[in-house]
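Reader: I am new to this structure and would like a close look at a single part of it. Please take one residue, describe its setting, and then work outward from there.

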Amino acid sequence: MPENKAKESSAILEIRGLSKSFGENHVLKDISLSVKPGNVVSIIGPSGSGKSTLLRCASFLETAGGGDILYDGMYAVKEGVYASRNDLNRFRTLFGMVFQNFNLFPHYSVMKNICEPPVLHGRDREEVREKAEELLKKMGLEGKENAYPCQLSGGQQQRVAIARALALDPEILYFDEPTSALDPELTGEVLKVIRQLADDHMTMVVVTHEMPFARAVSNHVVFMDRGFIVEEGHPEEVFGNPQKDRTKQFLTNYKQ
């Protein structure tokens, strides 16, 4: 592995020249992205543009084909070469991931779903349980500690998934289309929680099709298409005055 420390960076996450292919299908092409502490970055774009694959590469669920991935100025991936297993495990404690289909363990109670990951990372079980109780209160899920996922609505399941991600005290949270499996009423529940996290200055990268949400909550918006970043900037710039024809075309149906 090349030298692990990059020059000083204020970014929690830095991606440089990232590429990813599945066979002949080039899903990510020279992607560069920087996420600073306390910022909310929304990634928008049509289905198949590479948005979710970008998150999966950043969280090591997919193997990048080339480029760099850095956390807190330290290389997790440099020129396509990955850090050691121990280093990658350490980097994994820096982020939490919330999936569109919740990914809760169906045979675990709500409390066990939240507590198991930090306990497996060696944290004290009683302290973890206290933290889980605080998170359930924050998510509006008091009294659901002993329920199982099948007994919850989709919105409640997604809020449990957010609590589980927060239980590890991550520096950054990834959301992969967190409302795409929910009806409009339940979507509002989950977006309210994410807005609250933004108000608390939680660093987040959110892949979303919710354009009003992205415009209202983000510090930075990235528009992707066909594996490229087509346009990015402040949400009022991207939504209110897009510069690229492809961005304008995509946003045609978005009501100002």
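Author: Serine 32 is partly exposed: its relative accessible area is 37%, which lies between the limit of under 20% for buried and that of over 50% for exposed. The model is a predicted one, and the description below should be read in that light.

Serine 32 belongs to strand β2, which covers residues 25–35. Apart from neighbours within four places in sequence, the residues in contact with serine 32 are Ile15, Arg16, Gly17, Ile229 and Glu232. With one of these, glycine 17, there is a polar contact: the side chain of serine 32 reaches the backbone nitrogen of glycine 17 at 3.0 Å. Another of the contacts, isoleucine 229, is 197 residues away from serine 32 along the chain, yet the C-alpha atoms of the two are separated by 8.2 Å.

The contacts Ile229 and Glu232 lead to strand β11, which spans residues 228–233. Strand β11 is paired with β10 through 5 bridges, and the two run antiparallel. In this pairing, aspartate 225 is placed opposite phenylalanine 228 of β11. The two strands form a hairpin with 2 residues between them, and there arginine 226 takes a positive phi near 55°.

Strand β10, residues 220–225, has 5 of its 6 residues buried, so the rest of the structure largely encloses it. Besides β11, strand β10 is joined to β3 (residues 40–44) by 4 bridges, and here the strands run parallel. Isoleucine 44 is the residue opposite phenylalanine 223 of β10.

A second serine can be set beside the one described at the start. Serine 109 sits in the loop between β7 (95–98) and α3 (110–120). Its relative accessibility is 14%, so serine 109 counts as buried, the limit for that being under 20%. The side chain of serine 109 also reaches a backbone nitrogen, that of lysine 112, at 3.2 Å. Leaving out residues up to four places away in sequence, serine 109 touches Glu145, Asn146, Ala147 and Tyr148.

Finally, there is a pair of helices. The axes of α5 (residues 154–166) and α6 (residues 184–199) come within 8 Å and cross at roughly 25°. Angles under 35 degrees count as roughly parallel, and α5 and α6 are therefore described that way. Their crossing is right-handed. Among the residues making the contact are Gly154, Gly155, Ile162 and Leu166 from α5, and Leu186, Val190, Val193 and Leu197 from α6.

Technical notes. Residues are numbered from 1 along each chain as its sequence is written. This is a predicted model: local features need pLDDT of at least 70, side-chain atom pairs count only at pLDDT 80 or more; totals for chains, interfaces and linings use all residues. Side-chain values use heavy atoms; hydrogens and water are left out. Buried means under 20% relative accessible area, exposed over 50%, partly exposed in between (1.4 Å probe, protein chains only). Two strands pair if DSSP finds at least two bridges between them. Contact means heavy atoms within 4.5 Å. A polar contact is a pair of N or O atoms within 3.5 Å; within protein, one must be able to donate a hydrogen and the other to accept it, and residues adjacent in sequence count only if both atoms are side-chain atoms. Axes are lines fitted to C-alpha atoms, for helices over the stretch in contact, and angles run from 0 to 180 degrees between N-to-C directions. Angles under 35 degrees count as roughly parallel, over 145 as roughly antiparallel, 65 to 115 as roughly perpendicular and the rest as oblique. A crossing is left-handed if the near helix is turned anticlockwise from the far one by less than a right angle, and right-handed if clockwise.
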